[in-house]
Amino acid sequence: MKALQYRRVGHAPEVVEVPVPEPGPGQVLLKVTAAGLCHSDLAVMGWPREQFPYALPMTLGHEGVGSVAAVGAGVTAVTEGEAVAVYGPWGCGRCPQCAEGKENCCPYAAGLGILPPGLGWPGALAEYVLVDSPRHLVPLNGVDPVQAAPLTDAGLTPHHAIRRSLPKLLPGSTAVVIGVGGLGHLAVQLLRVLTPARVVAVDMSKEKLELAGKVGAHETLFSDGEAAARIRELTGGTGAQVVLDFVGAEATLAVAAASVAVAGDVTVVGLGGGTLAVGFGSGLPFEVSASFPYWGGRTELMEVLELARQGAVSAHVETFTLEQAPKAYERLHAGDINGRAVVLPHA
């Protein structure tokens, strides 16, 4: 089968031929119908050799959906041909966090060598992907696979981040979304669906701000040295109750710190390498909470897919073949993808 692999540190990923995996006991083999590209893939491929934690070559792709092609011994929870989404942040399956479906918070996964698909385990940017357990599969139940693939991370992660702040997103509140890319444009929609807050989108791209307006942002602001001041003006000087930074660079974190309200939330999702100073004297208003969420729980993925099924959330996608995926990563790195890039391995 064909697969997109990161084979050498510092080099572009390559489409190669690899054997089709066979499911062992308890495992499920999927024929991949769609797989999303993510900025975190670029972050991983940007790590220097001495910091790279995974074995190479590594098949990329942590956003995947497919149909069940074969099952290993003992698997009865899914049937051949069933359309499913892959829940990515795999845990041990036995601890209290995993028992609640919060495998993204499993404290034992790293120590046990349990790695997500596309981030250590062979990922979904291939014609087939092997899933370690049927508990990591969620039925699509009619959701378009091209739509569903981005929702497994680009939808799930902002959903998880927003849910953490729901008590502060009351009528009259303001939520700021910094970075309206693959995750950010879905965050705008989720804020509109889940909260009564005014949504302000901030980005450096005119096209991305136009997309933000189309999917529900009440206000769109260009990300420059005046962005925080304009947010303060929009909020009557108080600042935003919740600021979600989907970039995570020094410049965007400075905007977040300068625009959050007293007792507000600053939520850093992006992997831009910036740092946020916290504590007395840091410049943050009193009682601000800072968080760094990771993916989301299995039940949250079910909720996101249900919102898509109802037509309440929709990913803006551009599709590519597997052979076009390396160029798609180049365009993603250049900021030339509006919404989410989705690869169709069998196209």
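These legends go with four close-up views of a predicted model.

**View 1. A small sheet with three strands in the order 2-1-4.** The sheet is open, and its pairing is antiparallel. Strand 2 (14-17) and strand 4 (58-59) sit at the edges with a single partner strand each, so one side of each has no neighbour in the sheet. Look for the four bridges that join strand 1 (residues 2-6) to strand 2. One spot to find here is A3, whose bridge partner in strand 2 is V16.

**View 2. Y6 meets F52 in a tilted aromatic pair.** The ring centres are 5.6 Å apart, with 55 degrees between the planes. This pair ties together distant parts of the chain: Y6 belongs to strand 1, while F52 comes from the loop between helix 1 (39-45) and strand 4, 46 residues apart. Y6 is buried, at 0% relative accessibility, and F52 is buried too, at 12%. Zoom out a bit and W47 and Y54 join Y6 and F52 in one aromatic cluster.

**View 3. F280 and F286 make another tilted pair.** Here the rings are 6.1 Å centre to centre, again with 55 degrees between the planes. F280 is exposed, with 79% relative accessibility, and F286 is exposed as well, at 59%.

**View 4. The one cavity of 30 Å³ or more.** Its volume is about 40 Å³. Around it you'll find G61, H62, E63, G64, V86, P117, A124, V129 and V131. Strand 5 (63-71) and strand 7 (128-131) each bring at least two residues to this lining. Sorted by class, the lining has five nonpolar, three polar and one charged residues.

Definitions and conventions
Residues are numbered from 1 along each chain as its sequence is written. This is a predicted model: local features need pLDDT of at least 70, side-chain atom pairs count only at pLDDT 80 or more; totals for chains, interfaces and linings use all residues. Side-chain values use heavy atoms; hydrogens and water are left out. On a 1 Å grid over the protein atoms alone, a cavity is a set of points where a 1.4 Å probe fits but cannot get out, and a pocket is an open set with protein on both sides within 12 Å along at least five of seven lines; lining residues have an atom within 4 Å of a point. Grid points are joined across faces, edges and corners, and a volume is the space filled by probe spheres set on the points. Ala, Val, Leu, Ile, Met, Phe, Trp, Tyr, Cys and Pro count as nonpolar, Asp, Glu, Lys and Arg as charged, and the others, Gly among them, as polar. Two strands pair if DSSP finds at least two bridges between them. Rings of Phe, Tyr and Trp (its six-membered ring) pair if their centres lie within 6.5 Å; planes under 30 degrees apart count as stacked, over 60 as edge-to-face and the rest as tilted. Buried means under 20% relative accessible area, exposed over 50%, partly exposed in between (1.4 Å probe, protein chains only).
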